[in-house]
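Please look through the structure below with three places in mind: a patch on the surface, a pocket and a loop.

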Amino acid sequence: MRSRNYKAVKMILWWILIANFVVAIIKIGIGLAWKSQSVMADGIHSVSDGASNIVGLIGIWLASKPRDREHPYGHSKYEIVASLLIGIMLAVMSVRILTQAITSFSKPFDFTMDAGQVLLMVFTIVLNGVVAITEFRLGRKLNSTILVTDSLHTRGDLLISGAVLVGMLGIQAGLPGWVDGAMSILVAIAVLVSAWKIMKSCVDVLVDSNCIDSREVKNLLISIPGIYDVHQIRSRGKVPDVFIDLHVIVDPQKSVLCAHDLSHGVEAILKEHFGANTEVTIHVEPNDGRHGS
């Protein structure tokens, strides 16, 4: 990600941090007024959203540092590490919400709600929806793992808040009080699922899992004049910040200059297809029968 993109991501995270804390204050206030465990749990989850924004800001600050002698490949993985920490925070939060939900079943339940509080809940749902959609689109545009990850988290909040509001309205309409605890359990499950998806995607990048299908790379290059075969294709990172290394088999009679020009052509094609940030390492082999797939 270019430095100017990091600056844009920082600004977006600051605005989302403010929005998350506004939503959290509203939800916790309504939860206290309604004496509702599920609304309180949803409000605490929104606080964790703000905390995750802070972690994201720290991660982006570290990731935006230029390459140096100790980090010749740059610091971009700090963004992935920050995203992984957000996933871990969510997993811990889900356990806390689940514990509170189970405890609420043994407590007497009594609450009141009015139209103003319902409207405030609806407002937080709409705000979360706007934040989630905007953050996801900007994350894709800026190629930011933090923004895309946080948008999925916020989208989960949107669904959770909707479920909580429906549950509370159901109780007001005459459903048993244990429905509130049940809704909190749903909140916990939704948070845990989000955490798992985030952690898995981050770990895949950190352990250098293949991020591009090798067949796609081979199909792009095999038709280039002078290339007999492409094999040992490996990739790591995340699109568009991808590292690809591969072997190409060429005519053994070609000069070093011709092989060099061919390598530059291969690199240009891969950069055009996967993005300008793609870094390619090419090993040229002669077509002498000793090399191949």
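Since this is a predicted model, the description that follows rests on computed values. A good place to begin is Val22, which has a relative accessibility of 38% and therefore counts as partly exposed, because that class covers values from 20% to 50%. Val22 belongs to helix H1, and together with Met11, Trp15, Ile18 and Phe123 this residue makes a nonpolar surface patch of about 550 Å². Helix H1, which spans residues 3-34, is the element that gives the most to the patch, with four residues.

From the surface patch we can turn to the second largest pocket, whose volume is about 410 Å³. Its lining is made up of 17 residues, and those that lie nearest the centre of the pocket are Arg140, Thr145, Val148, Ser201 and Lys238. Two or more lining residues come from each of helix H4 (115-142), helix H5 (145-172) and helix H6 (178-206), and H6 gives the most, with six residues. Sorted by class, the lining of this pocket holds seven nonpolar residues, six polar ones and four charged ones.

The last stop is the loop that runs between helix H2 (37-63) and helix H3 (77-104), where Pro66 is found. Pro66 has a relative accessible area of 62% and so is exposed, because the cut-off for that class is over 50%. Between Pro66 and Ser76, which are 10 residues apart in sequence, the C-alpha to C-alpha distance in space is 9.2 Å.

Methods:
Residues are numbered from 1 along each chain as its sequence is written. This is a predicted model: local features need pLDDT of at least 70, side-chain atom pairs count only at pLDDT 80 or more; totals for chains, interfaces and linings use all residues. Side-chain values use heavy atoms; hydrogens and water are left out. Patches are made of residues with over 30% relative accessible area and no salt bridge: like charges are joined within 9 Å, nonpolar side chains (Val, Leu, Ile, Met, Phe, Trp, Tyr) within 5 Å. Accessible areas come from the Shrake-Rupley method with a 1.4 Å probe; for residues, only the protein chains shown count as cover. A salt bridge is a side-chain nitrogen of Lys or Arg within 4 Å of a carboxyl oxygen of Asp or Glu. Buried means under 20% relative accessible area, exposed over 50%, partly exposed in between (1.4 Å probe, protein chains only). On a 1 Å grid over the protein atoms alone, a cavity is a set of points where a 1.4 Å probe fits but cannot get out, and a pocket is an open set with protein on both sides within 12 Å along at least five of seven lines; lining residues have an atom within 4 Å of a point. Grid points are joined across faces, edges and corners, and a volume is the space filled by probe spheres set on the points. Ala, Val, Leu, Ile, Met, Phe, Trp, Tyr, Cys and Pro count as nonpolar, Asp, Glu, Lys and Arg as charged, and the others, Gly among them, as polar.
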